[in-house]
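Let's take a walk through this protein together, looking at how some of its rings, charges and buried side chains are arranged. Have the model open as you read.

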Amino acid sequence: MQLTKSKSIRAALAAATCSVLGTAHAGAPGSDAWDVEATVLHYAEKDRVSVFAPGLIATKAIGEDEFITVTGIFDTITGASPTGAAPGLGGNCAPNPPGVLCATTPSGSIINTKAGELPMNDFDDTRGSLSVDWDNPLSRLSRNKITASVSSETDYFSLGLSDTYSREFNNRHTTLAVGAGLTLDTSVPQGGAPVAMTPFSAPVAVTSASGDGEDDGEQKNTVDLLIGITQVLNRRTLVQLNYSRAMSRGYMNDPYKYLSIVDPISGQTLDYIYEGRPDTRNTNVLYGKVVYHLPEDVLHASVRLFNDDWGISSTTFDLHYRYELPGGIYLKPHLRLYQQSAANFYGHIRVIVRDVDIAALTVALTNASADMRLAEMQSTTWGLKIGIPLGEGEQQNELSLRIEQIVQSGDSKPADAIGVQKNYNMYPDLEATVVQLNYSFVF
């Protein structure tokens, strides 16, 4: 099952611009040595999703100030994800007890929920991704970076290509960068992509049916544009400012997310409907960063402002401090604060009037989603990374360990809750732990 949409190429564009802040490249041109970083990441949400992701990043100098980087990641994802449906009486659907709504997902699994808890879909999936960067100089003051990427999972496939050009000015104290990228995504949901805003009680309607060898899936295309400037203020201070815009067209729905149709008095769930989102999305991101080098330590501080035409706006503050210890060992505490507004079509539930035909009602709905990722929410991330050098000389290896805790919260008692819904926690806190082990070496 698709957990999240594959990463947009905008991440590669941002990384390309950030590289002017200082990146350790591979050894001498023409040598056979690769700078390699092996990583293993474990992400675990309490009572929800778990991800195990080993990866490898290898960089090699292939010419004078020219580099190639290959990145491969393999994810194993298991657990349960909220469907978007509201909590209700709960119960087991086999057999169907009185007063308990039972429903079947597009892939054929039955939704079972304990009373007062959010309905969940159990799933497991694997995902592999591969990207190749070619970073080469065009002249003494300019360079170009091309990135190609591919990602694949059971029901999702993504291809990406980006190009970033940068040029230095002002005695190499100023760097301007411009970039463009294209991402082509294909979604092939299990059981086919359900028609948006159709109820579960109606005959199953899908826009395609996977597994017949003829399904081309649902398509989404994204164009990313970026412009950025990096300025050396003095021997200790570096500042960066980026603006990026993404324009997406095509299939935006999450086929595994639903909404609840509820009784307007009791608040009990009467039916589910499949979510529907706009088929276009335009986003804007303004990103600023300051790097300040103390006599030994280094401070990284950044802010990211986001908005889109779905009504979502967000602010992210990020702070890293690298504290140097004797022997080359370092500690890097991290703090991240995030807050976002809800999409203008987000809602916990949809209310009907008694005796009104549900199928007729849903025809009037254009876009609606109860996906908690589109809700008003805030999250805090804090953690620590420790790095330990291994060996001696210029080709010194490094072992590092990062541990972080994430807490995400939303409106647990929304004003639009009805009847029995007022007794439930409509947005339980999400708690997650991240553990990442890295080993860097020359091969």
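Arg 281 lies over the face of Trp 310, and its distance from the ring centre is 4.3 Å. Keep in mind as you look at this pair that the model is predicted. A similar theme turns up with another arginine: Arg 322 places its charged end over the ring of Tyr 330, at 3.7 Å from the centre of that ring.

Trp 310 is also a good stepping stone to the next stop, Ala 343. Setting aside neighbours within four places in sequence, Ala 343 is in contact with Trp 310, Ile 312 and Leu 374. Where along the chain does Ala 343 sit? You will find Ala 343 in the loop between β17 (330–340) and β18 (349–351). Is Ala 343 buried or exposed? Its relative accessibility is 4%, and the cut-off for buried is under 20%, so Ala 343 counts as buried. Asp 308 makes a useful landmark here: from C-alpha to C-alpha, Ala 343 and Asp 308 are 9.0 Å apart in space, with their positions 35 residues apart in sequence.

Now let's turn to the aromatic rings. How many aromatic pairs does a search of the whole structure find? The search finds 4 of them. One to look at is Tyr 258 with Tyr 272: the ring centres are 6.5 Å apart and the planes meet at 35 degrees, so this pair is tilted. The two tyrosines link distant parts of the chain, with Tyr 258 in strand β12 (residues 258–262) and Tyr 272 in strand β13 (residues 269–274), 14 residues apart.

Tyr 258 has another partner as well. The rings of Tyr 258 and Tyr 274 have centres 6.1 Å apart, and because their planes are at 75 degrees, the pair is edge-to-face. Here too β12 and β13 are involved: Tyr 258 lies in strand β12 and Tyr 274 in strand β13, so the pair ties together parts 16 residues apart in sequence.

Put these rings together and you have one aromatic cluster, formed by Tyr 258, Tyr 272 and Tyr 274. How does each member fare for accessibility? Tyr 258 has 0% relative accessibility and counts as buried. Tyr 272, at 6%, counts as buried, and Tyr 274 is buried too, at 5%.

Note on methods: Residues numbered from 1 in each chain as written. Predicted model: local features only at pLDDT ≥ 70, side-chain atom pairs only at ≥ 80, totals over all residues. Heavy atoms only, no water. Phe/Tyr/Trp six-rings, centres within 6.5 Å; stacked < 30°, edge-to-face > 60°. Helix = DSSP H or I, 4+ residues; strand = E, 2+ residues; numbered from the N terminus. Buried < 20%, exposed > 50% of the residue type's maximum accessible area, 1.4 Å probe, protein only. Lys NZ or Arg CZ within 6 Å of the ring centre and 35° of its normal. Contact = heavy atoms within 4.5 Å.
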